[in-house]
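Me: I have a structure open in front of me and would like to understand the words used to describe it. Could you go through them with me, setting each value against its cut-off?

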Amino acid sequence: MNYDVIVIGSGPGGYVAAIRASQLGLKTAVVERESLGGICLNWGCIPTKALLKSAQVFEYINHASEYGIKTAEAEADFAAVIKRSRGVADGMSKGVQFLMKKNKIDVIMGSGKVKPGNKVEVKAADGSQKEYTATSIILATGGRSRELPNLKQDGKKVIGYRQAMVLPEQPKSMVVVGSGAIGVEFAYFYATLGTKVTVVEFMDNVVPVEDEDVSKQLLRSFKKAGIEIMTSSSVESVDTSGAGCKVQVKTAAGMQTLECDIVLSAAGVVANIENLGLEETGIKTEKGKVVVDEFYNTTVKGVYAIGDIVGGQALAHVASAEGIICVEKIAGHKPEPLDYNNIPGCTYCSPEIASVGYTEKAAKAAGYELKIGKFPFSASGKASAAGAKDGFVKLIFDAKYGELLGAHMIGANVTEMIAEIVVARKLETTGLEMIKSVHPHPTMSEAIMEAAADAYGEVIHL
């Protein structure tokens, strides 16, 4: 059983790498221990967006009168919402199965482990083991919910994101620990369906990796939606001995006790690098990640690593891009290394958040002199017509050369708008060129052109 490429893990890094390898004429196999598509398709990106869509529809119905529509009182069927989400995930996983067959990629079910001499040992669910060899081995095993030392997950009262997607019944109250993308998406979902939600964030701002203006806007929007936010706070312990949970939270004002049905730990992800044979083969790791070069070579020749287990952003589209670059290099092509400063980040709560490049704070710290433009959706005709006036587009330019350093958006559908900025930055588009690029009216995307114009003192609709 010899292959040109064996990929361990079939998430958006692994299955994309496998397909590209097959397209390039390499005999390819994928090793998967659970379900094709990995966490993203089965327990992450896709099913969460299905849950969020249900919440958004429920929110629309509850505000139908604002659009001149009379409806009977709506009721969320929590079990049906969960069932729909799982159905969407199952459909996507079956789609990956089809792609594997279409591209003549062998799927080997089991847990893969690298062995010396470019070998992969696969242990099946029944305990049987089989060995395969490959010229190139790509590790793409992804990540899992990070477990905090003082917040042990029992899967029932203290849960991670996987359990949050399949709870048997809707909790009346929930404490969400962490306000990154996972935390705020679940906070929006459960709060919209009627759960009393409190978000506890250790840092000074919610969504702390985002530009501070975005963080402040989300805080306002969440508070308006009835979500309680506690920043500069930390969960010290959780008592689950009673019917619910008693959460001890340390704040600047002292200790507070929160009572809730469920605690959701959303403190990020940790790489799945255990039991991969890294130590036995001499593959170097650092701070819980596999060490790689710009083309994803590990410290062992013929073994590569991509996705959440290496040092870039832990995002599905990053893993996919890394996988493509990795196999194109293996096949003898000359791909460009990935520009990690031009990776868009998207958060799908409501309002949505999308960003790429430098924040204002980071751009100043890097020594740039800035021109900053900002256009609020309250001044957008399309946003007013849609009833979605919360948020803005903020663009950051280098004052000297007009380079677009970063973009930060919060509002309806901004996750669909950010790609324009990614392409503009890739093509080294200047602010003045963006102003002169005619945008269609009325659209939310006009706010990008207007924000660029604002940076240069030419904004029309403010």
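Me: Why is T48 called buried?

Reply: This is a predicted model, and in it T48 has a relative accessibility of 8%. Buried means under 20% relative accessible area, so T48, at 8%, counts as buried. T48 lies in helix α3, and leaving aside residues up to four places away in sequence, T48 touches M165, E185 and F186.

Me: What does F186 touch, and what makes these count as contacts?

Reply: Contact means heavy atoms within 4.5 Å. Not counting residues up to four places away in sequence, F186 touches T48, L51, Y161, A164, M165 and L264. F186 also belongs to a cluster, in which ring pairs link it with F78, F189 and Y190.

Me: What makes a group of residues a nonpolar core, and which members of the largest one touch the most others?

Reply: The members must be buried residues of certain nonpolar kinds, joined through side-chain atoms within 4.5 Å. The largest such core here has 39 residues, and those that touch the most other members are V176, F186, F189, Y190, V197, L218 and F222. Several elements each supply at least two residues of this core, including α3, α4, β9 and α7, while the largest share, eight residues, comes from α6. A second, separate core has 28 residues, among them C346, F377, L404 and A447. As a general background, nonpolar side chains tend to be buried together in soluble globular proteins.

Me: How do you know that helix α1 is largely enclosed?

Reply: Eight of the 10 residues of α1, which covers residues 14-23, are buried, so the helix is largely enclosed by the rest of the structure. The buried residues are G14, Y15, V16, A17, A18, I19, A21 and S22. They pack against β1, β2, α2, α4, β6 and α9. After the helix comes G25, whose phi is positive, near 85°.

Me: How many residues of β1 are buried, and how do you know that β1 pairs with other strands?

Reply: Five of the seven residues of β1 are buried, so this strand too is largely enclosed by the rest of the structure. Two strands pair if there are at least two bridges between them. Six bridges join β1 to β6, and these strands run parallel; four bridges join β1 to β2, which also run parallel. Six and four each satisfy the requirement of at least two, so both count as pairings. To find examples in the structure, look at V5, whose bridge partner in β6 is S136, and at I6, whose bridge partner in β2 is A29.

Me: Why are β20 and β22 called edge strands?

Reply: They belong to an open sheet of five strands in the order β20-β21-β24-β23-β22, with antiparallel pairing. β20 (345-347) and β22 (370-376) each pair on one side only, and they are the edge strands. From one strand to the next, the twist averages 10°. The pairing of β22 with β23 (residues 392-398) is antiparallel over seven bridges, and I372 stands opposite I396 in β23. Helix α7 (residues 212-224) packs on the sheet, touching β21, β22, β23 and β24, and its direction makes about 0° with that of β24. Helix α14 (residues 446-455) packs on the sheet as well, touching β22, β23 and β24, with its direction at about 140° to that of β22.

Me: What makes Y358 and Y368 an aromatic pair, and why is the pair called edge-to-face?

Reply: Eight aromatic pairs are found in the whole structure. In the pair of Y358 and Y368, the ring centres are 5.6 Å apart and the planes are 70° apart. Ring centres have to lie within 6.5 Å, and planes over 60 degrees apart count as edge-to-face, so 5.6 Å makes this a pair and 70° makes it edge-to-face. Y358 lies in the loop between β21 and α10 and Y368 in the loop between α10 and β22, so the pair ties together parts that are 10 residues apart in sequence.

Me: Are Y358 and Y368 buried, partly exposed or exposed, and how do you know?

Reply: Partly exposed lies between the two cut-offs, under 20% for buried and over 50% for exposed. Y358 has 22% relative accessibility, so it counts as partly exposed. Y368, with a relative accessible area of 27%, is partly exposed too.

Me: How do you know that the charge of K374 sits over the ring of F392?

Reply: The charged end of K374 is 4.3 Å from the centre of the F392 ring, and the distance cut-off is within 6 Å, together with a limit on the angle to the ring normal. R86 lies over the face of W43, at 4.0 Å from the ring centre.

Key
Residues numbered from 1 in each chain as written. Predicted model: local features only at pLDDT ≥ 70, side-chain atom pairs only at ≥ 80, totals over all residues. Heavy atoms only, no water. Axes fitted to C-alpha atoms, helices over the stretch in contact; angles between N-to-C directions. Phe/Tyr/Trp six-rings, centres within 6.5 Å; stacked < 30°, edge-to-face > 60°. Buried < 20%, exposed > 50% of the residue type's maximum accessible area, 1.4 Å probe, protein only. Lys NZ or Arg CZ within 6 Å of the ring centre and 35° of its normal.
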